[in-house]
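Colleague: I am new to this structure. Could you walk me through how to read it?
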Amino acid sequence: MTFGDIARKPLTFLTMLVAAVSFTASPQTVFAQDQAVTAPIEAPVDAAPADTAAPAAEAAPAFEHYGPDMIKGQPTPGGLGFQDQYTANGNYALWMHDAILLPITVVISLFVLALLLWVIARYNRRSNTVPSKTSHNTLIEIVWTVIPVLILVVIAVPSITLISRQYKSPPEDAITIKANGYQWYWGYEYVDNGGFEVISNMLSDEDALSAGEPHQLAVDNRMVVPVGVPIRLQTFGADVIHSFGIPSLWFKIDAVPGRINERVLTIQEPGIYYGQCMELCGARHGYMPIAIEARPLEEFNAWVLSQPGGTTPELEAAAAAEAAAAEAEAVAGEGDANANEAPAVGTEAVAPDAIAPTI
Ligand SMILES: [Cu+2]
């Protein structure tokens with residue numbers, strides 16, 4: 001054995017030891033990275049409201065946001081069913097679940113349970129010593145084919161209706177709002193209102209509780225939307241796939257990089273509705289909640305005007321009309337000036353006559 005062998009053996013051993021230690025340590029390393037990632041993200045969480053709120057406060061009078069008494073869409077402790085619904089689609093889906101699916105499921109389950117119990121009690125080896133050798137019964141076979149088909153038809157009709165309602169295109173006059181998913185927060189772009197974007201980060205537990213809002217759902221800047229008006233809600237993934245989902249509005253679409261998805265959303269009542277990112281999108285996927293604040297249209301417009309760069313289509317139309325009128329006046333003025341050239345000579349000619357009698 002040469003010195004090289006001896007040197008190599010401990011080296012191999014050392015290498016393996018280092019490898020083993022690094023394998024066992026790697027989860028901690030990953031975790032440490034998570035925390036390292038978490039730390040700088042938390043800084044903008046605090047910084048974002050200051051950045052966005054400050055110019056808003058300067059630009060226009062402060063807008064009074066809804067307090068916790070207006071929270072309508074949120075999970076309840078021990079809740080088993082759906083959240084209360086605040087859209088037409090949500091109410092339809094809830095009706096379909098409560099009035100059709102649940103009764104059918106319960107009746108079928110009880111029927112199958114009763115059949116099982118009956119078979120166990122009546123046709124066991126002790127009470128039924130001579131088994132029947134019947135192998136076909138046309139009536140029973142028709143019944144157990146036709147009844148399930150009818151059940152499926154009863155489920156299919158409202159089910160397909162619901163799907164078609166969910167995929168209805170937004171009307172032309174719908175207000176377009178774009179929800180951009182970022183790792184790990186949301187940005188709401190008001191495309192029809194000047195194109196400004198509101199950045200929305202989760203509040204810390206302490207801030208949420210002191211505001212009276214549910215922790216891990218409360219955010220610093222809510223997505224303010226008009227109530228009773230169709231919204232063309234578009235989603236976009238700025239980095240990876242996210243999903244924009246609000247259970248109480250029966251609304252969920254993926255936010256995919258490189259494409260825009262859109263659905264129409266019409267909220268029936270003013271209030272606050274909470275949702276979350278619903279596509280696993282990375283380390284802080286669970287900490288990018290959605291909070292929608294639905295306000296009557298006038299209040300929504302007031303909020304829009306309180307945002308830097310915010311404007312309404314009416315204001316834009318009025319400004320455009322004003323500009324057009326001013327332009328028309330200018331053109332008319334030029335025209336008048338040209339037209340007045342001849343009368344101007346006339347007035348000059350008239351002037352001496354007019355002056356003459358007074359002399
Ligand atoms: Cu996400």
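Modeller: Start with one residue and its surroundings. Q216 has 15 C-beta neighbours inside 10 Å, so Q216 counts as partly exposed. Keep in mind that this is a predicted model.

Colleague: Where is the place of Q216?

Modeller: Q216 sits in the loop between α4 (205-210) and β5 (223-226). Its backbone is worth a look too. Q216 is not a glycine, yet its phi is positive, about 65°.

Colleague: Which other residue has a positive phi although it is not a glycine?

Modeller: W250 does, with a phi of about 50°. W250 is in the loop between β7 and β8 (251-255).

Colleague: Is W250 buried or exposed?

Modeller: Count the neighbours. W250 has 23 other C-beta atoms within 10 Å, so it is buried. The cut-off for a buried residue is 20 or more. Q216, with 15, counts as partly exposed.

Colleague: How many helices and strands does the protein chain have?

Modeller: The chain has six helices and eleven strands. It holds 359 residues, and 21% of them are buried. Look at the contacts as well. Among those with a separation of 6 or more, 69% join residues 24 or more positions apart.

Colleague: What is the mean pLDDT of the protein chain?

Modeller: The mean is 82, and 76% of the residues reach 70 or more. Confidence is lowest in helix α1 (residues 3-59), where the mean is 46. It is highest in strand β7 (residues 242-246), at 97. Over residues 23-59 the pLDDT is below 50, and this stretch has 23 contacts in the model beyond near neighbours in sequence. Residues 342-359 also have pLDDT below 50, but there the count of such contacts is zero. Where pLDDT is low, the predicted coordinates should not be read in detail.

Colleague: Now the sheet. In what order do the five strands of the open sheet stand?

Modeller: Follow the pairings from strand to strand. The order is β4-β3-β2-β6-β9, and the pairing is mixed. β4 and β9 (261-265) stand at the edges with a single partner strand each, so one side of each has no neighbour in the sheet. Neighbouring strands are turned by 25° against each other on average, direction ignored.

Colleague: In which sense do β2 and β3 pair?

Modeller: Strand β2 (residues 175-182) and strand β3 (residues 185-189) are antiparallel, with five bridges. One bridge links G181 to W186 in β3. The two strands are joined by a hairpin of two residues.

Colleague: Which peptide bond is cis?

Modeller: Look at omega. The bond from Q183 to W184 is cis, with omega near 0°. W184 lies in the loop between β2 and β3.

Colleague: How many bridges pair β3 and β4?

Modeller: Four bridges, in the antiparallel sense, pair β3 with strand β4 (residues 197-200). Y188 stands opposite V198 in β4. W186 has S200 as its bridge partner in β4.

Colleague: Which side chains of β4 point to one face and are buried?

Modeller: Read along the strand and the side chains alternate. V198 and S200 point to one face and are buried. E197 and I199 point to the other face and are not buried.

Colleague: How many bridges join β6 to β9?

Modeller: Five bridges join strand β6 (residues 231-237) to β9, and the two run antiparallel. Within that pair, T235 stands opposite N261 in β9.

Colleague: Why does helix α2 lie largely in the open?

Modeller: Only two of its 35 residues are buried, so α2 lies largely in the open. Check its length as well. At 1.5 Å a residue, helix α2 (residues 88-122) should span 51 Å; its end C-alpha atoms are 49 Å apart, which agrees. There is also a bend of about 35° at H97 in α2.

Colleague: One last residue. Where does D173 lie?

Modeller: D173 is in the loop between α3 (138-166) and β2. It has 10 C-beta neighbours inside 10 Å, so D173 counts as exposed. Now compare sequence with space. D173 and R232 are 59 residues apart along the chain, and their C-alpha atoms are separated by 9.1 Å.

Methods:
Residues numbered from 1 in each chain as written. Predicted model: local features only at pLDDT ≥ 70, side-chain atom pairs only at ≥ 80, totals over all residues. Pairing = 2+ DSSP bridges. Expected span 1.5 Å × (residues − 1). Bend = angle between axes of the 7 residues up to and from the residue. Buried ≥ 20, exposed ≤ 12 C-beta atoms within 10 Å, placed from the backbone. Contact = placed C-beta atoms within 7 Å. pLDDT = per-residue confidence, 0-100. Axes fitted to C-alpha atoms, helices over the stretch in contact; angles between N-to-C directions.
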